[in-house]
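I set out to record how the copies in this model are arranged and where their helices meet. The entries below follow the order in which I looked things up.

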Protein chains: 2
Amino acid sequence: MANAPFTIGIIQMSMQAAPEANVKRAEELLREAKAKGVQVACLPELFASYYFCQSENHDYFNLAEAIPNGPTYLKMQALAKELGMVIVASLFERRTAGMYHNTAVVFDADGTDLGMYRKMHIPDDPRFYEKFYFTPGDLGFKNFDTKFGRIGVLICWDQWFPEAARLTAMQGASVIFYPTAIGWHPAEKAEYGEEQWNKWQTVMRGHAVANNIFIAAPNRIGLEPETDGGALEFFGHSFICDTSGRYIENVDEKFEGVLTAVINPAKVEKQRQYWPYFRDRRIDAYGKLLQHPDASN
Amino acid sequence: MANAPFTIGIIQMSMQAAPEANVKRAEELLREAKAKGVQVACLPELFASYYFCQSENHDYFNLAEAIPNGPTYLKMQALAKELGMVIVASLFERRTAGMYHNTAVVFDADGTDLGMYRKMHIPDDPRFYEKFYFTPGDLGFKNFDTKFGRIGVLICWDQWFPEAARLTAMQGASVIFYPTAIGWHPAEKAEYGEEQWNKWQTVMRGHAVANNIFIAAPNRIGLEPETDGGALEFFGHSFICDTSGRYIENVDEKFEGVLTAVINPAKVEKQRQYWPYFRDRRIDAYGKLLQHPDASN
C-alpha cells in the first residue's frame, strides 16, 4: 500500500442554521485545501448542520440521512472524485427507522467509499445530549487504506479514551483524525474556557506520544443559539501534532480555514522503532480493561 | 478510608557512585519534605544507586536487596515511621537467586509495609538495558490505601502505556506516582533534549486528563559516567499535574529538592462526575487490547 509522504488538511469552520449553507461552505474550504496541496482532508463533526444535540428534540432526526446516497454523502463523494482528494466526512446517519449513528465516511481520491466509522463512545452532558440521538457504533475501531496512506478515524468524545487511540494505532495508521464539535457553555467560558481546550488538546497529544502517531483534530467555531434560549460557543483550537505531541498547526477560536501537515509513514515507523511501546505491552495483564471498575473507595 | 485532602511531595535529586551517599541524601530530602508538610513522599526510581542499567554488567546484581529487610528497605521503613509520612521507595529487588525486579514499596505513615508494585513494562534501549536485569512484574496494577489517601504507583517506562494508567486509576486512586530514571544520551541532548522531556511530560499529562487523576513524576538529575566510558545525563523535569493536566509544580534539569501539591479526593471524584469517561468505556469492544497487532501495512 501507499507509503510515501502525504499532506493532510483539517478544516475549522463556523456553521449556520441552514444545512445547504454549511455544505456550500465546506465545499469552498475543501477547494481551498486542494489548492494548498492537501491530499487527505477532514471536516469537523456533523459539519452539515448546527450542533443539534444541544437539545433533545425529535424534529432534529429529520437532519439525518442514509449512508450511502444521502445528499451530503453524494456531494462529498462527488467532491472527492472531482478534486482527487480523500475526504473524511462526518455525517448524521439514519441507519433505519428509529436508529441513528454519528458516523464518518472515508471517500478515496476517486470517490470510492472506503467504509465508515461509527462513533463508539457517545457523550451525554448538559447541551451535549448525544445519547438521545446516537446508538453507539457497532463497527469497532478501524483503519482505512486511502490512495495516499493508511489513516484512522475517531470522533470527538472518543478522544478522551486511550483505548480507542491504541486500538486504532495498532492497525498501522500514521495519523488519527478526530472530527469534533466541542465548545463552551457561555457562562463557563471565562472561568473554565482555557482549561477546557487545553485538556482537550493535551489528552490527544498524549495519544500521539503513546502511539507514535500524528493527531489531527478539526473542531467547529462560533456561537450557535438553540431554540430553547440556550447556546454553545464552539471553541476551535483545532490542531495537528506530530508523534512527539508537538504542534505542527494550532489555531484559536476565531480562525476559519485549513490546517495542513506532511506525514511521512516511514518516519512514523522509525519512531515506533525508537520508542517501541508495542513491543512491551503486557497483554497478559490487561484483562481488567474489559471490565468496569467496582467500588473500591 | 481516608478521603480528606492530603499533601504529596516528590523528590528530584542527583546520585553519586556510593549507595550510602544516596540513601543519606534521600533521607535529608525526605526530612525536607516533612518540613514542607508532605504526607506522602515519593523518591526517584532506584534512588539508592547510579542508574546501573547503562551497561550489562553481572557485578551490578550485587546492588540488589531482599524485600523485606534489605538495608534500604529497613532505612525507608524506619524513616516513614519516625516522620509519620508515607514513603514510596523504588528498590532493586532480589527476589531469589537469578531473579530480580524493579520494585516500589509503599510504607505507611507508621512504617507498615502496604505492599509493593513490581514494574510491569521493562524497557530495553541503548544504555537502558533493563531487560537484562529485571523480570517483568507479576503483581499486576495496584492501588495502596495509605493513612492519608489511596494512591497508585507505576514506574518509569510504564508511563508510556495508557493501559497501565487506566488500570491503576480505575481502582480509585487520586494520584499516580511515577518514580523515574530517564535521561539524555549526551550526544543527543542538543538536538532531541527538549523534545524528549516534553514528550515524557506530555504522555503523563494525557493520562491525567484521560483518567481525571493527579500525576506526580520524580526523576533524577545529573551526569552519571559508566565504566565503559559512556554516560547518561538524567533530565529532571519532575512535575506534578492536576486532573486537567495542568502543571502544579514543574522544574528543570538543575533543581534539587521537593515538589509538593495538595490533593483533594472529593474534588477528584467531582471531576470524574463532570468528565465521566468511566461511564462510557466500550468494554465490549476493547478485546484486541489483549492481543498484539499483526502486520497490516
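**Entry 1. Relation of the two copies.** I superposed chain B on chain A, which took a rotation of 180 degrees with 0.0 Å of shift along its axis and gave an RMSD of 0.0 Å. The two copies are thus related as by a two-fold rotation axis. I note that the model is a predicted one. I then asked which surface each copy uses: 100% of the contact residues of chain B recur in chain A, and the same surface therefore serves both copies. Which residue of chain B comes closest to the rotation axis? I found B:Gly206, whose C-alpha lies at 2.2 Å from that axis.

**Entry 2. Extent of the interface.** I looked up how many residues take part, and the contact draws 57 residues from chain B and 57 residues from chain A. The size of an interface is often given as the accessible area lost when the parts come together. For chain B and chain A, I recorded about 5500 Å² buried between them, with 60% of it on carbon and sulfur atoms. I also checked which residues of chain B supply the most area. B:Lys199, B:Leu289 and B:Leu290 give 11% of what chain B buries against chain A, more than any other three residues.

**Entry 3. Helix H5 against its copy.** Two packed helices are described by the angle between their axes and the distance between the axes. I applied this description to helix H5 (residues 189–211) of chain A and helix H5 (residues 189–211) of chain B, whose axes come within 7 Å and cross at roughly 125 degrees. This angle makes H5(A) oblique to H5(B). I noted the crossing of H5(A) and H5(B) as left-handed. On the chain A side, the residues in contact are A:Lys199, A:Thr202, A:Val203, A:Arg205, A:Gly206, A:Val209 and A:Ala210. In H5(B), they meet B:Lys199, B:Thr202, B:Val203, B:Arg205, B:Gly206, B:Val209 and B:Ala210. Sorted by class, the contact of H5(A) with H5(B) has six nonpolar, four polar and four charged residues. I add that B:Gly206, entered above for its place by the rotation axis at 2.2 Å, is among the residues of this contact.

**Entry 4. Helix H4 against its copy.** I turned next to helix H4 (residues 162–169) of chain A and helix H4 (residues 162–169) of chain B, and found that their axes come within 10 Å and cross at roughly 155 degrees. H4(A) is therefore roughly antiparallel to H4(B). This crossing of H4(A) and H4(B) is left-handed. I listed A:Pro162, A:Glu163 and A:Arg166 from H4(A), with B:Pro162, B:Glu163 and B:Arg166 from H4(B). The class count for H4(A) with H4(B) is two nonpolar, no polar and four charged residues.

**Entry 5. A helix pair inside chain B.** I examined helix H1 (residues 19–35) and helix H2 (residues 71–83) of chain B, whose axes come within 11 Å and cross at roughly 20 degrees. H1(B) and H2(B) are therefore roughly parallel to each other. H1(B) passes H2(B) in a right-handed crossing. H1(B) contributes B:Val23, B:Glu27, B:Leu30, B:Arg31 and B:Lys34, while H2(B) contributes B:Thr72, B:Lys75, B:Met76, B:Leu79, B:Glu82 and B:Leu83. By class, I entered five nonpolar, one polar and five charged residues for the contact of H1(B) with H2(B).

**Entry 6. Backbone details.** Most residues other than glycine have a negative phi, and most peptide bonds are trans. I therefore looked for departures from this pattern. A cis peptide bond joins A:Ile67 and A:Pro68, with omega about 0 degrees. A:Pro68 sits in the loop between strand S2 (40–42) and helix H2 (71–83) of chain A. In chain B, the bond from B:Ile67 to B:Pro68 is cis, with omega near 0 degrees, and B:Pro68 lies in the loop between strand S2 (40–42) and H2. I also entered A:Cys156, a residue other than glycine with a positive phi, near 40 degrees. A:Cys156 is placed in the loop between strand S7 (150–153) and H4 of chain A.

Technical notes: Residues numbered from 1 in each chain as written. Chains lettered and ligands numbered in written order. Predicted model: local features only at pLDDT ≥ 70, side-chain atom pairs only at ≥ 80, totals over all residues. Heavy atoms only, no water. Least-squares fit on C-alpha atoms with pLDDT ≥ 70 in both. Contact = heavy atoms within 4.5 Å. Axes fitted to C-alpha atoms, helices over the stretch in contact; angles between N-to-C directions. Helix = DSSP H or I, 4+ residues; strand = E, 2+ residues; numbered from the N terminus. Parallel < 35°, antiparallel > 145°, perpendicular 65-115°, else oblique. Left-handed = near helix turned anticlockwise from the far one by under 90°. Nonpolar A, V, L, I, M, F, W, Y, C, P; charged D, E, K, R; others polar. Buried area = accessible area lost by both parts, 1.4 Å probe.
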